[in-house]
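Here are my notes on the model you sent round, set out as numbered points. They take up helix packing, a few residues in loops and strands, backbone angles and cysteines.

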Amino acid sequence: MTFLEQIDKNRVPESVAIIMDGNGRWAKKQGKNRIFGHQNGVDSVDQVMEAAAQIGVKYLTLYAFSTENWNRPAEEVNALMDLFVEAVHNYMDKMMANDIRLAVIGDVDRLPQKTRENLQKSIDQTANCKRMTLVLALSYSSRWEIIRAVKQIAAEAKNGALDVDAIDENCFSNHLATSGMPDPDLLIRTSGELRISNFLMWQLSYSELFFTDVCWPEFKKENFYEAIVDYQSRERRFGKTSEQVTK
Ligand code: IPE
Ligand code: IPE
Ligand code: MG
């Protein structure tokens, strides 16, 4: 049986997040430069986005560029900024055909104007799509997002718009870049690294984690389905006992 056939269509995770890692190492293994790896990761995004929408995932969040990634060599950063524009442009037909909306989270003010403008065009073009939201985390980090939320909350408390006693988990979540989006049910990280790397630290509190040695340029539909099947074998207890959640 294929992994797709093993998926229980009634228990598909609503929200999946992916740390797309290993482009550089994958390219190096072929004797190519790191940028070749990023270019080959574009097709994996294309495949996984379509696979996720078709099985009924509602939110697919992809970590494409962290705030720490700004510290990479300028040549690589510039190539990635151009690649984001080109890739998103190429995804548009498929996104419209599959009814997929684009959203971006992160410190987008740091992106080059051309990248920002082109992303905004695609966000506007897909604004009415309803089947799934593709969230690109670009110039994103969890600490950046948390500090920004704390500053906003402090400012609102100071000017009297927010009562300090009203600050609860909901209030805090609503000040994050992911406001209004469900927390990931499943986090996937490719390339064998076992860490979070400053990604969605608040939102991942109760996510199931799936790590695979496969590098991102080789991660295709079947690999995604495999992660979903694995997720469906887990018992999510949210602090309760097994008896409480199975009855
Ligand atoms: C992930 O692949 C893509 C980005 C972080 C932009 P890497 O570029 O991190 O590839 P490795 O981890 O060095 O192999
Ligand atoms: C995390 O990958 C960021 C993205 C996938 C965009 P990195 O390759 O930057 O993470 P570290 O440095 O190995 O933790
Ligand atoms: Mg990496």
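1. Two helices count as roughly parallel when the angle between their axes is under 35 degrees. The model discussed here is a predicted one, and in it helix 4 and helix 5 pack with their axes 9 Å apart at an angle of about 10 degrees, so that these two helices are roughly parallel to each other. On the side of helix 4 the contact is made by M81, D82, F84, V85, V88, M92 and M96, and on the side of helix 5 by K114, T115, N118, L119, S122 and Q125. Sorted by class, the residues of this contact are seven nonpolar, four polar and two charged.

2. Helix 4, which spans residues 74-97, also packs against helix 3, residues 34-55, where the two axes come within 10 Å and cross at roughly 25 degrees; helix 3 is therefore roughly parallel to helix 4. The crossing of helix 3 past helix 4 is right-handed. Helix 3 contributes R34, I35, H38, Q39, V42, V45, D46, M49 and E50, which meet E75, E76, A79, L80, L83, A87, Y91, K94 and M95 of helix 4. Here the residues in contact comprise 10 nonpolar, two polar and six charged ones.

3. Helix 3 has a further partner in helix 8, residues 221-232, with the axes coming within 9 Å and crossing at roughly 45 degrees, so the pair is described as oblique. This crossing of helix 3 and helix 8 is right-handed. The residues of helix 3 that take part are Q47, V48, E50, A51, A52, Q54 and I55, and they meet K221, F224, Y225 and I228 of helix 8. Of the residues in this contact, seven are nonpolar, two are polar and two are charged. A reader following the two interfaces of helix 3 will find E50 listed both in the contact with helix 4 and in the contact with helix 8.

4. Which residues does L111 touch, once those up to four places away in sequence are not counted? L111 is found in the loop between strand 3 (100-105) and helix 5 (113-125), and its contacts are W70, M81, R116, L119, L138 and S139. With a relative accessible area of 4%, L111 is buried. Two of the residues it touches, M81 and L119, also belong to the contact of helix 4 with helix 5. The C-alpha atom of L111 is separated by 26 Å from that of S15, a residue 96 places away along the chain.

5. S139, one of the residues touched by L111, deserves a separate look at its backbone. Most residues other than glycine have a negative phi, whereas S139, which is not a glycine, has a positive phi of about 55 degrees. The residue is placed in strand 4, residues 132-140, and it is buried, with a relative accessible area of 0%.

6. A positive phi also occurs at N198, a residue other than glycine, with a value near 65 degrees. N198 lies in the loop between strand 5 and strand 6, and at 14% relative accessibility it counts as buried.

7. Is T190, which belongs to the loop between strand 5 (186-189) and strand 6 (208-211), buried or exposed? Its relative accessible area is 0%, so T190 is buried. Apart from neighbours within four places in sequence, T190 is in contact with I19, M20, D21, T212, V214, C215, W216 and F219.

8. R131, in the loop between helix 5 and strand 4, counts as partly exposed at 30% relative accessibility. Leaving out residues up to four places away in sequence, R131 touches A53, Q54, V57, K58, N98 and D99; of these, Q54 also appears in the contact of helix 3 with helix 8. The C-alpha atoms of R131 and M95 are 9.9 Å apart, with their positions 36 residues apart along the chain.

9. Finally, the cysteines: how many disulfides are there? With a disulfide taken as a pair of cysteine sulfur atoms within 2.5 Å, the count comes to zero. C171 is buried, with a relative accessible area of 9%, and C215, one of the contacts of T190, is likewise buried, at 7% relative accessibility.

Key
Residues numbered from 1 in each chain as written. Chains lettered and ligands numbered in written order. Predicted model: local features only at pLDDT ≥ 70, side-chain atom pairs only at ≥ 80, totals over all residues. Heavy atoms only, no water. Buried < 20%, exposed > 50% of the residue type's maximum accessible area, 1.4 Å probe, protein only. Axes fitted to C-alpha atoms, helices over the stretch in contact; angles between N-to-C directions. Helix = DSSP H or I, 4+ residues; strand = E, 2+ residues; numbered from the N terminus. Parallel < 35°, antiparallel > 145°, perpendicular 65-115°, else oblique. Left-handed = near helix turned anticlockwise from the far one by under 90°. Contact = heavy atoms within 4.5 Å. Nonpolar A, V, L, I, M, F, W, Y, C, P; charged D, E, K, R; others polar.
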